There are 2 protein chains.
Amino acid sequence: MTTLNTWVSVPEYSDFSIYNLPFGIFSVNTEAPKGGIAIGEQIVDLSAVSDLGLLDMDATFFNRSTLNEFIALGKKITNKVRLDIQKLLVIENSPLKNHPEVFILQKDAKMHLPVQVGDYTDFYSSIEHATNVGKMFRDPENALLPNWRHIPVGYHGRASSIVVSGTDIHRPMGQVKTNDMKVPVFKASGNLDFELEMGFVVGKSTELGERVSTKDAAEHIFGLVLFNDWSARDIQKWEYVPLGPFLGKSFASSMSPWIVTLEALEPFKVQGPEQQPEVLSYLKYEGENNYDIQLEVGMSSSTSEETTVSKSNFKYMYWNMMQQLAHHTVNGCNLNVGDVMASGTISGKDESSYGSLLEISWGGKKPFELKDGSKRTFIEDNDTVTMRGFAEKEGKRVGFGEVSGTIIPSK
Amino acid sequence: MTTLNTWVSVPEYSDFSIYNLPFGIFSVNTEAPKGGIAIGEQIVDLSAVSDLGLLDMDATFFNRSTLNEFIALGKKITNKVRLDIQKLLVIENSPLKNHPEVFILQKDAKMHLPVQVGDYTDFYSSIEHATNVGKMFRDPENALLPNWRHIPVGYHGRASSIVVSGTDIHRPMGQVKTNDMKVPVFKASGNLDFELEMGFVVGKSTELGERVSTKDAAEHIFGLVLFNDWSARDIQKWEYVPLGPFLGKSFASSMSPWIVTLEALEPFKVQGPEQQPEVLSYLKYEGENNYDIQLEVGMSSSTSEETTVSKSNFKYMYWNMMQQLAHHTVNGCNLNVGDVMASGTISGKDESSYGSLLEISWGGKKPFELKDGSKRTFIEDNDTVTMRGFAEKEGKRVGFGEVSGTIIPSK
C-alpha cells in the first residue's frame, strides 16, 4: 500500500482514513438528504464538490436521498469519484482548501439508509455459527445439516424493515410456544438477540436467466456495511418449520450508514478456510476472497456502560461473498442495484468470538454480566447493541464506523 | 347486486364486466406505459379520461409505469375513480361516447407489471396443500406440522423476479441431490412445477412497530391478482432445510396484469372453513372473509392443445387474507404500498382440485396425459401453463383474466 497523506485532520485511529473514503447519505438540519464521503470526523459534500466543477460528474446524482442511481453508473465512474476525492484531499495545492463549506462535521449531520434496498438476502455462511445452532437445536453429533458444506445456505429476508444505525427498535410481539406449553401464547419476545453480520450492496444488475461466475462476482459488489440481523429466538423457534425464519426476523435489521467500497478493502484480502468436500464447479474460486475485518459487539444498558460481548472476524466465513453471489444467480434469479446480501452470523471458533447471544449464553443457559454486574442471557428493554468493524494493515486502517440500536418496549 | 348496463360492448362471459373494472398498466406501440381500467375487450385510458376533465384527478398519477403512487392515494380516491369510470360507462348521455380515443383494444396493448413490488411474501394457507406435501415429504400420519393450525405460516419470497403474465421463464439450473446420489450435481431442474395461487397487493403502508387488526386489514388490501409461484421441486428439496425455499422459487413468479379491487369482490364473500383449535385473539375475525373465486389451470405444449389439469377455488383457504395481514404485522413489520402477499398453493379436497403438479402427479409417481396423449409428471420445455379465475353470482361475473407463462430452456 502506497502511503498517502491528507491535509485534512484525521484522528489516529479513525475508521475513515484517506485509504477508505466510504459513501453515505447525510442531511444537515432540515435540508434534503444527499451523498457524501467520510474523511476523519468530517463528510465531504459530493454535490458541493461537483458544483465547484471539481468532479467530472453531474451534481444531480448526489442530490438524491439514496445512492442507487449513483451506484448504477458502474464502478468505472464511482471508483473514479472516490479516487478524485482522494486526490483532492491529498494534493498540496488542492482547490478544496479554499472551500471549507464542502466539509460537514459528522456530529452535525444525520445519516440515512445509504440505498433503497430492493431485495434482501441473508446467508448462513459461518460454519462455527451453523454448528453451534445445530448443536443446540438438533443433534450435537450431526450439528451440520447434509447440504451445508455443498450450498451457501440462505433465505430471503424482509427489505422494508432495514433501518439505519441509531434507529430504536420496538421489541417484537408474536406467537411463542415453548416445549412445556400445550398451546402457543401471544407475548412480547423474551429471547431477543442480535446477529453480528456484514452485508454487501449489489452494484450491478443482472437479467433474469443470467448467471454470474465467482470470477465476475466482484464486479457486482459495490461495497460492504455492518449488519445487525435482530432475531426473536422464541418467535423464530415456533414459526420456522418448514419455511424458514419470518416474523422472528422481519421486525427490523440495522445497517451501518457508510458503504466501504470493495476497492478500499482490496489490501485486506486473505485466504478463506479450506472447503471440504470439494464444492461444485460453479462455486469454485481462485485467489483470496475472504477479508480480514476485525469485528466486535458491545452491549450497554441504562445502568451499565458498554461491555464487549464478542470479538470476531469476517475472515472466518466458510462461504465467501463471490460464492454467495454466484450461488444466488445460478438459477437465473435477477439482481438489482441496491440489493443487500448479508453474511449470516459471524462466529469464530472460541466462545469470545460468538456472534449472537444465542451462542454466547448457549440458549439462555449461561448468563453473562454487563459492566455494572447486571446479568443478561438475551437483550432487555433499553439495552443498546453496538457493532464495530475495521481492517488494518501496515498501520493503515479502513473501518466501518458502527451500527447501533436500542431496544425499546413494544408499542 | 344492482344490475348495471354499460353502453360499451362486453362479451357475455367476459371477466371484465361493468361490475369489475380492474386497474392495470398498459402501453401501445412504443408509447410509455400508463394506467388503465379493463372493460370487456377494451382498456379505458385513465390519463386520457382525466385530460378530458372527466375525473376529479390529476392525469399525472396515471402517466406512470406503475400504479404505486396512485394506489398510495388511498381507497377513498382510488375507489372514486373506479366508480366514476363505472358511471361514465353506464349513463346514457356519457361524454365518453364522443371520445373513442380513450378506448384501446386489449389485443393492441402490451400489459406490464401493475406495481413495483417492494417485498413479496408467500403464505402456505391451504390445509389441503400443506397436508398433501406433509404426506409426501414427512409423515403421512402427522402430515401437518404442530404450528400449522396456529400460525398462517409464510416466508419471504424474491420480489425482483416477479414478472407479468406472458413472460417466458428460463428453466432454472441448480444443485440437486436425490436420495440415491452420494453427492449433489449441478443440472437443469427436472421437477419444474407451478403453484396455483392468488396474491393481494398492499394498498396502505404501515409504520415499523405498528400492528394491523383482522378488522382493519381490508383497508390495507388494494386488490387481488392470479399468481403462479413457479417451483423447482428438486432444487427446493435439497436446499430448503433449515431456512426455507430459496433458489427453488426465486427464478420467477408470474402475476396477472389486472388488479381486481377488493371492492369489486365484495359480493363474493363467503364463510371460510372452521378453524380448530381456536386461534389466538389477534387472528380471530368476524363475518365472511373468504372469497368464492373459481380457479383453473391449463397446460399445453408445442404439440398439444390446452388440457385442464386443475379446478380449484380460493374459498378453500384455511387462513384468510385478513389473518395473513394481521399476522404479518403483529411483530411490527412495516408494509409498503405495492407489497404482494400470495396465498400459497390453493388445493381443494379431491384430486381434480390440486393446485400443483407435485400433488397432481403425487411426487412424480402418477403421470397424467395432455390432450395429444403425451405424458407429464412435471413441466417440460416449451410447455405453457395458464391460470384463470373468476367469481360469479346472479349472472354477474368479476374475473381476473389469466396468468400465463411458457417454460423455455435454461440459458
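Buried area is the accessible area, found with a 1.4 Å probe, that two parts lose on being put together, summed over both. By this yardstick, chain B and chain A bury about 5500 Å² between them, and carbon and sulfur atoms give 62% of that area. On the side of chain B, the residues that lose the most area to chain A are B:His156, B:Leu243 and B:Phe246, together 15% of what that side buries.

The model is predicted, with local features needing pLDDT of at least 70 and side-chain atom pairs counting only at pLDDT 80 or more, while totals for chains, interfaces and linings use all residues. Residues are numbered from 1 along each chain as its sequence is written, chains are lettered from A and ligands numbered from 1 in the order in which they are written, and side-chain values use heavy atoms, with hydrogens and water left out.

How are the two chains related? A turn of 180° and a shift of 0.0 Å along the axis lay chain B on chain A with an RMSD of 0.0 Å (superposed by least squares on the C-alpha atoms of residues with pLDDT of at least 70 in both). That is the relation of a two-fold axis. B:Gly244 is the residue of chain B that comes closest to this rotation axis, its C-alpha lying at 2.1 Å.

Contact here means heavy atoms within 4.5 Å, and in this sense 57 residues of chain B touch 57 residues of chain A. The copies meet through the same surface, because 100% of the interface residues of chain B are also interface residues in chain A.

Polar contacts (pairs of N or O atoms within 3.5 Å; within protein, one must be able to donate a hydrogen and the other to accept it, and residues adjacent in sequence count only if both atoms are side-chain atoms) link 25 residue pairs between chain B and chain A, both residues at pLDDT 80 or more. Among the elements that give two or more residues to this side of chain B are β7 (154–157) and α5 (233–239); helices (H or I, at least four residues) and strands (E, at least two) are DSSP runs, numbered from the N terminus. The most, four residues, come from β7(B).

Salt bridges (a side-chain nitrogen of Lys or Arg within 4 Å of a carboxyl oxygen of Asp or Glu) number four between chain B and chain A. One example pairs A:Arg158 with B:Asp119 (3.5 Å, N to O). Over all chains, the whole structure holds 50 salt bridges. Within chain A, A:Asp84 and A:Lys80 form a salt bridge at 2.9 Å, N to O; these residues are separated by about one helical turn because they are four residues apart in helix α3 (residues 75–90).
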